[in-house]
Amino acid sequence: MSDTTRPVEATQTQAEPPGASGPGEVSGAEIVLTDVVKRYAGQDAAAVGGLTLTIPAGEIVMFVGPSGCGKTTSLKMINRLIEPTSGTIEIAGKDIRTQSENQLRRQIGYVIQGGSLFPHMTVEKNIAIVPKLLGWDRSRIHDRVTELLDLVGLDPERYRNRHPRELSGGQQQRVGVARGLAADPPVVLMDEPFGAVDPITRQRLQDELLSIQRELHKTIVCVTHDIDEAIKLGDRIVILREGAEVAQYDTPEVVLSAPADDFVADFVGAGSSLKALSLARVEDIELRHPTTAKVGDAVAKVTEQARANGDTAVVVLDDRGRPVGWPWLRQLRGDRIVRPEGELIDVDIRSTLNDALDSMLSSSHGAAVVTGERDQYLGVVDFDAVTTHIRLLEEQRGE
């Protein structure tokens, strides 16, 4: 993408110390766009024709709309990668034009498709670019990289010294998110961040973002072409027509249940059953709690407990309570539980039922392990629980 040629400052953030806000506290800032216009020379119609919008602090707001409607232009005007022709944009009550471009961009994380990592730098150096420019000492940078890699689900000691070519697409994108959060910005802009990865990886990255946001409560503005992604991630959705005219700006529930007009209804394009799956979350469902074991536990004792509970498999957790596998009892070997090989099928507690069903279809258990903050194990969701919930939703709609 052309954004990868932007100077380093265009991707980074402010000099606030990490941990400035406690868990659960809103650390984001309100963004107010008032009659924002962008005109390009030689074009009759404005790319953005007077956008007025308030983005609440601590929320994820998704920009969606047809190709060429001005959603990316609108996003890039917030950090002045594109200069507005007229109108005002305020962050935390301060006009963005009162600061230099570099000062502004140090308050704004910027995450784009593919992560846009520097190939000659290690993961640690990629994440540390702006903290280093801001004069942080080596120990503080090291601690921040460790914290962020853990936050995005990458083992710090395993990944900090790798180069981008040694990472999968999903891992590169996770590092890109970590870099966008490096100096604890109140605002994070994301431009099609998960568009270049396969569907399964995209779902997991979306889950990771929901988990991160549950902990940090940043103000996140995200451009996507995928209405399902907007419904899953967004606290609010902005649906734009050509020229960035707002067709509807509301919660996913309202956008789906009460489209503002035919344009919105056609763009959303979902039937009632699909709407129920798009809106319902795993957190709405009662989870099962099968037998768990820790790496290192005695196999004989675990097997005995699982059989007493009527389970034919056990969820294996690491020493921090994160699920690492779900082996059948017949697969357990030796005296002690070891870390299972292969990738675990799991979903975040805020995932949609659509995603949960997709994950279950990929699992030999016909169910999926559910995780929460920092990938902590919460339980298991299965087909019976999902179908029962869908029937209840259908009954409620029929009343």
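Strands, of which S16 is one, are here DSSP runs of E with at least two residues, numbered from the N terminus. In this predicted model, strand S16 holds Asp382, a residue to which the description returns below once the overall organisation of the protein has been set out.

The secondary structure of the protein amounts to 15 helices and 16 strands. For a chain of 399 residues, a compact globule would be expected to have a radius of gyration near 21 Å, and the value of 22 Å computed for the protein agrees with this. Along the principal axes, the C-alpha atoms fill a box of roughly 75 × 60 × 35 Å. Buried residues account for 53% of the 399 residues, and the accessible surface comes to about 17800 Å², with 47% of that area belonging to carbon and sulfur atoms. Among the contacts with a separation of 6 or more, 69% are made by residues 24 or more positions apart. With regard to charge, the protein carries 44 positive and 60 negative charges, and the mean positions of these two sets are 6 Å apart.

The protein is divided into domain 1, covering residues 31-270, and domain 2, covering residues 283-394. The C-alpha centres of domain 1 and domain 2 are separated by 32 Å, while contact between them involves 14 residues of domain 1 and 19 residues of domain 2.

Helix H1, which spans residues 71-78, has 7 of its 8 residues buried and is therefore largely enclosed by the rest of the structure. The buried residues of H1 are Lys71, Thr73, Ser74, Leu75, Lys76, Met77 and Ile78, so that two lysines are found in a list that also contains Leu75, Met77 and Ile78. Just after H1, Arg80 adopts a positive phi of about 60°.

Positive phi values also occur in two loops that each connect a pair of strands. Most residues other than glycine have a negative phi. Ala92, in the loop between strand S4 (86-91) and strand S5 (94-95), nevertheless has a phi near 55°, a positive value in a residue other than glycine. Arg374, in the loop between strand S15 (367-371) and strand S16 (377-382), likewise has a positive phi near 55°. As for accessibility, Ala92 counts as exposed because its relative accessibility is 60%, whereas Arg374, at 24%, counts as partly exposed. A further loop, between helix H6 (156-159) and helix H7 (169-180), contains Arg165, which counts as exposed at 68% relative accessibility. Between Arg165 and Met190, which are 25 residues apart in sequence, the C-alpha distance is 22 Å.

Within the residue range of domain 2, helix H14 (353-361) is preceded by a loop that begins after strand S14 (346-348) and contains Ser351. With a relative accessibility of 0%, Ser351 counts as buried. Apart from neighbours within four places in sequence, Ser351 is in contact with Asp207, Lys232, Ala280, Arg281 and Val282. Of these partners, Asp207 and Lys232 carry numbers that fall within the bounds of domain 1 (31-270).

Helix H14 itself is largely enclosed by the rest of the structure, since 7 of its 9 residues are buried. The buried residues in H14 are Leu353, Asn354, Asp355, Ala356, Leu357, Ser359 and Met360. One of them, Leu357, has a relative accessible area of 18%, and this residue counts as buried because the cut-off is set at under 20%. The C-alpha atoms of Leu357 and Thr387 are 9.8 Å apart in space, although the two residues are 30 positions apart in sequence.

Asp382, in strand S16, counts as buried at 13% relative accessibility. Leaving out residues up to four places away in sequence, Asp382 touches Arg288, Met360, Gly366 and Ala367; of these, Met360 is also one of the buried residues of H14. In the other direction, the C-alpha atom of Asp382 is separated by 43 Å from that of Ile91, a residue 291 positions away along the chain.

Conventions:
Residues are numbered from 1 along each chain as its sequence is written. This is a predicted model: local features need pLDDT of at least 70, side-chain atom pairs count only at pLDDT 80 or more; totals for chains, interfaces and linings use all residues. Side-chain values use heavy atoms; hydrogens and water are left out. Helices (H or I, at least four residues) and strands (E, at least two) are DSSP runs, numbered from the N terminus. The radius of gyration is taken over C-alpha atoms; the globule rule is 2.2 Å times the number of residues to the power 0.38. Buried means under 20% relative accessible area, exposed over 50%, partly exposed in between (1.4 Å probe, protein chains only). Contact means heavy atoms within 4.5 Å. Accessible areas come from the Shrake-Rupley method with a 1.4 Å probe; for residues, only the protein chains shown count as cover. Lys and Arg count as positive and Asp and Glu as negative; His and the chain ends are not counted. The place of a charge is taken as NZ of Lys, CZ of Arg, CG of Asp or CD of Glu. Domain bounds come from an automatic or database domain assignment.
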